[in-house]
Amino acid sequence: MPTIKNFRNLEVSPMNITIHRGSHQIGGSCIELSAGNSRILLDIGKALPSLDETTLDETALLPGVKVLIDKKAIDAVLISHSHGDHVGLIGQVKPAIPVYIGKAALHIYNTTALFTGGKTLANPTFFFESGQPLKIGDFTITPYLVDHSGYDAYGFLIEAGGKAVVYTGDFRDHGKKAKATEYFKKHLPSGIDALLIEGTMMSRSTEALETEDQLEDKARELMQSSNQPVLVLQSSTNIDRLVGMYRAATRSGRLFVMDIFTAHIVSQLAPSIPKPSSSFDSIRVIYPFWLTRKMFEKDHVHLMNQFSRYKIKREELSQRQDYCLLFRPSMLSDLQHIDQLEGAEMIYSQWSGYKHQKKIKAVLDFADQKTMTLTDLHTSGHASTQALKAFIQQCNPRMVLPIHTENPDGFLECGNRVYLPQDGERIRL
Ligand SMILES: [Zn+2]
Ligand SMILES: [Zn+2]
């Protein structure tokens, strides 16, 4: 067993890859790459909570990662995007270790921390510029923006010691940034030694993969054909979806109502993203009762006041039908205090698997009590099996290493270059 002391001069191969977690599961991804005297981590995610919500929130680093962090044997951590299953354990990384992340992704991470009582990132931070190479020790890393349900998501070309590795991060090609994925795929050099590719849909392949634009059309048709309020259950950080719902709402003459947390999330994103500002008509902000109380208790008055001129009260919503309201399960008590929701429209716009969760069941029961019409409008944040195969074909790597999948075997039909490692196994290139 080597001691930590000589970790840095152990590397006899030009580049080594260790999937610390993710070789056989979705979420909690963490990959170590080492070359020469340098070592980096790609993502440092929390395992996804079980659907029955019986598992405790993960707070500890994996032992194999902790030992590297404790001994400062890591030059940097690169975060592909702001989903918790990729960034969730970043708070456990020593503050001296630099973190590389998308600027908007960091904003989403920090805003979420502020609103949920977590810690904002304290490490030195460097931002990705899509297509612009950056140097970390012996590594040259080129980040590329990719299409994903998480905003500001990146895939990477990583070069060192004459070897080249590609990590896709989470990606797809049927969202509103499909062209970004296409650009990434087409700009990869030939002779890639290893491709670390996500494979979420290898086990969820029966889900229909509509495009975000098709979904937006369906939402618009629904909103135009109804004269009732429309409630949309979706993640506040699924920005493609939010954009689609905003367009559907405004094209059907509706107010678009988001809560104060969502307003803060979108506030720092690209100018084209709908947000409460003078550039967008018809956006109002609801202040959920419990969240507002918690934020005032924590002295976050300034955050709460930031969008106060766009505030819409439950009393006003009780008197109108011409709105589309984005909500989360934690806002159920607010919905219970809005009048005239009998017969309203509810759009379920997230993964159907979450319907097993207690908090989602409570929302669906509420919809039932109010005789609402429930419509499922969702498409995956992840690449279809066809898109995964097309990526492999275009990248044409010497080795394919599946990650972020419950069905790595599903990749075996892509030929004998597919290698299925175990978590913690070192792969020498
Ligand atoms: Zn993920
Ligand atoms: Zn993701």
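Is histidine 148 buried or exposed? In this predicted model, histidine 148 is buried, with a relative accessible area of 4%. That residue is a good place to start a tour of the structure, since His148 serves as one of the donors to a zinc ion (ligand 2).

The zinc ion (ligand 2) is held by four residues: His81 and His148 through NE2, His83 through ND1, and Asp170 through OD, at 2.1 to 2.4 Å. Along the chain, these donor residues follow the spacing H-x1-H-x64-H-x21-D. Histidine 83 sits in the loop between β4 (76-78) and α2, while histidine 148 belongs to the loop between β8 (139-146) and β9 (153-160), so this pair ties together parts that are 65 residues apart in sequence. The 4 donor atoms of the zinc ion (ligand 2) form angles of 92 to 162°, and the site is irregular.

A second zinc ion completes the picture. The zinc ion (ligand 1) and the zinc ion (ligand 2) lie 3.4 Å apart, with aspartate 170 coordinating both. Around the zinc ion (ligand 1), the donors are Asp85 (OD), His86 (NE2), Asp170 (OD) and His404 (NE2), at 2.1 to 2.2 Å. The spacing of these residues in sequence reads D-H-x83-D-x233-H. Histidine 86 is part of helix α2 (residues 84-87), whereas aspartate 170 is found in the loop between β10 (163-167) and α4 (178-186), so the two tie together parts that are 84 residues apart in sequence. Both histidine 86 and aspartate 170 are buried. The arrangement at the zinc ion (ligand 1) is irregular because its 4 donor atoms subtend angles of 83 to 169°.

Attention now turns to the strands. An open sheet of 7 strands runs in the order β6-β5-β4-β3-β2-β1-β19, and its pairing is mixed. At the edges stand β6 (125-127) and β19 (426-428); each has a single partner strand, so one side of each is left without a neighbour in the sheet. From one strand to the next, the twist averages 25°. Within this sheet, strand β2 (residues 30-35) and strand β3 (residues 38-42) run antiparallel and are joined by 5 bridges. Alanine 35 has serine 38 in β3 as its bridge partner.

Strand β13 (residues 255-259) offers another view of pairing. This strand is mostly covered, with 5 of its 5 residues buried. Leu255, Val257 and Asp259 point one way from β13, and Phe256 and Met258 point the other way. β13 pairs in the parallel sense with strand β15 (residues 323-327) over 3 bridges, and also in the parallel sense with strand β14 (residues 283-286) over 4 bridges. Phenylalanine 256 takes part in both pairings: this residue stands opposite cysteine 324 in β15, and its bridge partner in β14 is isoleucine 283.

Finally, there is a meeting of two helices to consider. Helix α3 (residues 103-116) packs with helix α8 (residues 289-297) at an angle of about 90°, their axes being 9 Å apart. This angle makes α3 roughly perpendicular to α8. Where the helices meet, Leu114, Phe115 and Thr116 of α3 contact Leu291, Lys294 and Met295 of α8.

Note on methods. Residues numbered from 1 in each chain as written. Chains lettered and ligands numbered in written order. Predicted model: local features only at pLDDT ≥ 70, side-chain atom pairs only at ≥ 80, totals over all residues. Heavy atoms only, no water. Donors = N, O, S within 2.8 Å, 3.2 Å for Na, K, Ca; no water. Tetrahedral: all angles 85-135°; square planar, octahedral: opposite > 155°, others 65-115°. Buried < 20%, exposed > 50% of the residue type's maximum accessible area, 1.4 Å probe, protein only. Pairing = 2+ DSSP bridges. Axes fitted to C-alpha atoms, helices over the stretch in contact; angles between N-to-C directions. Parallel < 35°, antiparallel > 145°, perpendicular 65-115°, else oblique. Contact = heavy atoms within 4.5 Å.
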